[in-house]
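Biologist: I would like to learn how the words we use for a protein follow from the numbers behind them. Could we go through it together, one term at a time?

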Amino acid sequence: MTEPVDSSYTDAALPIDERVEILLGQLTLEEKAGLFFQTMITMNPEGSLSDGDETFGLPGNVEYVTHRLMNHFNILGSGPTPEAIAGWHNKLQELAASTRLGIPVTISTDPRHSYSDNPLAALTTGAFSVWPDTLGLAATRDEALVERFGDIARQEYTAVGIRVALHPQIDLATEPRWSRQLQTFGEDVELTCALGAAYIRGFQGTTLGHDSVATMTKHFPGGGPQLDGEDPHFAHGREQVYPGGRFELHLKPFEAAFGAGTSQIMPYYGMPVGTDLEEVGFGFNKGVITTMLRERFGFDGIVCTDWGLINDSEIMGAPFPARAWGVEHLTPRERMIKALDAGVDQFGGEACPELLIDIVRSGELPESRLDVSARRLLREKFVL
């Protein structure tokens, strides 16, 4: 028999932390597990719910929301009109409202205000306003302009239902051969600190609230110094080095981002080489996420991994192995446990809540560990 639902968590007059505890206390293990996964989702061009996408191997909208009980998604594609995106978003929220507790869906996006068109990094604008890529914004050296851009982008995002920006990318582009410099503010640390903070203020405001778009600032602790300029989306680029021992330099933009109140952080794929840290990817690295991010910098927001750390996948029929650098020998189950032990709250690009459920039921991870992250994830939904 289904337990009656205490709907007092919907009372906006109650403090958010109290609402979180009321809702968390009613979540089943399956509902908690659904919070931990954020992956790509598609819509039909005219704004109806999608049955999935064969190119990226994505299930349909109904499967995600009502069967896997997921409610965080990264919208893929840039062709539909704003009206279509808003209509699809409303239908998706109606679907979410039909679930037992009616937890709303949170939609995120990669950058979609410039000329880039790469489904793994940035999307072409479509009907959104057109601006320079981040490196072009950096060339203006104008904090007020960058904050104005963030505010305009915020208004366009919220108009169609997007509430999380999978950016800014504040890596220092100290390796000139690295292929992802275009989405950074360049190599100058002071400029990156100033413009990165302005960008966050534009999207979030002075404090995160109902009109904000939360920023998932990346890629902690700095993704620029790649060995030979190769990128860690691929195995040949998995090592991250620090010429001259300048690890601390790459942390400075993140200190500025914390000062601006960034709500979320994404660690990068790379694995540090030649430091005192464990030589595993940052998403599995307890020294980076717990010791450095949580304890040293006092960050208590959401930590979401970069996309696809746990399971191998296929894109356009070709194998695309998990970016599990330094832990390739571990099973997906072991990788998930290691990432949670490191301190992450959410798995980007993954959609396997059944694996997390089984890990808890087998006794390998206490359900109380899920509660720690679930509080952060639910709290942000209430704040937004």
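Biologist: Which residues is F220 in contact with, once its neighbours within four places in sequence are left aside?

Modeller: In this predicted model, F220 is in contact with L251, F254, F258, I265, M266, P267, Y268, F282, V288, M292, L293 and F297. We call these contacts because heavy atoms lie within 4.5 Å.

Biologist: And what makes a group of residues a nonpolar core?

Modeller: The residues must be buried, of the nonpolar kinds, and joined through side-chain atoms within 4.5 Å. The largest such core here has 112 residues, and F220, M336, F347 and L356 are those with the most contacts inside it. Helix α7 (residues 189–204) gives the largest share of this core, seven residues. Another core, of five residues, lies apart from it and has L172, V189, L249 and A256 among its members. As background, nonpolar side chains tend to be buried together in soluble globular proteins.

Biologist: How do you know that the structure has zero disulfides?

Modeller: A search of the whole structure finds zero of them. Take C304: the closest cysteine sulfur, in C352, is 13 Å away, too far for a bond. A disulfide needs the two sulfur atoms within 2.5 Å, so C304 and C352 at 13 Å do not qualify.

Biologist: Are those two cysteines called buried or exposed?

Modeller: Buried means under 20% relative accessible area. C304 has 0%, so the word fits. C352 has 7%, so C352 counts as buried too.

Biologist: What share of the protein chain is buried?

Modeller: Buried residues make up 58% of the 384 residues. Helix α1 (residues 16–24) shows this on a small scale: R19, V20, I22, L23 and L24 are buried there. What covers the buried residues of α1 includes α2 (29–35) and α12 (367–383).

Biologist: What makes the overall size agree with a compact globule?

Modeller: For 384 residues, a compact globule would have a radius of gyration near 21 Å; the protein chain has 20 Å, so the two agree. The C-alpha atoms fill a box of roughly 65 × 45 × 45 Å along the principal axes. There are 12 helices and 12 strands in the protein chain. Among contacts between residues at least 6 apart in sequence, 72% join residues at least 24 apart.

Biologist: Now to charges. Why is the pair E30 and R361 called a salt bridge?

Modeller: The rule asks for a side-chain nitrogen of Lys or Arg within 4 Å of a carboxyl oxygen of Asp or Glu. The N to O distance between E30 and R361 is 2.4 Å, so the pair passes that limit of 4 Å. E30 is in helix α2 and R361 in helix α11 (residues 353–361), 331 residues apart. E30 is partly exposed at 28%, whereas R361 is exposed at 56%. The structure holds 22 salt bridges.

Biologist: What makes E278 and K338 a salt bridge, and which parts do they tie together?

Modeller: Their side chains meet at 3.2 Å, N to O, and the limit is 4 Å, so they count. E278 lies in the loop between β8 (271–272) and α9 (286–296) and K338 in helix α10 (residues 332–342), so the pair ties together parts that are 60 residues apart in sequence. E278, at 40%, counts as partly exposed, and so does K338, at 22%.

Biologist: How do you know that R294 and D345 are buried, although they form a salt bridge?

Modeller: R294 has a relative accessible area of 14% and D345 has 0%; the cut-off is 20%, so each is called buried. Their closest N and O atoms are 2.7 Å apart. Shared partners join R294, D300, D345 and R376 into one network of salt bridges.

Biologist: One last residue: why is S263 called buried?

Modeller: S263 has a relative accessible area of 9%, and under 20% means buried. S263 is in the loop between α8 (252–259) and β7 (264–267). Beyond its neighbours within four places in sequence, S263 is in contact with Q204, L208, A214, T215, F299, G301, I302 and E380.

Notes
Residues numbered from 1 in each chain as written. Predicted model: local features only at pLDDT ≥ 70, side-chain atom pairs only at ≥ 80, totals over all residues. Heavy atoms only, no water. Buried < 20%, exposed > 50% of the residue type's maximum accessible area, 1.4 Å probe, protein only. Helix = DSSP H or I, 4+ residues; strand = E, 2+ residues; numbered from the N terminus. Rg over C-alpha atoms; globule rule 2.2 N^0.38 Å.
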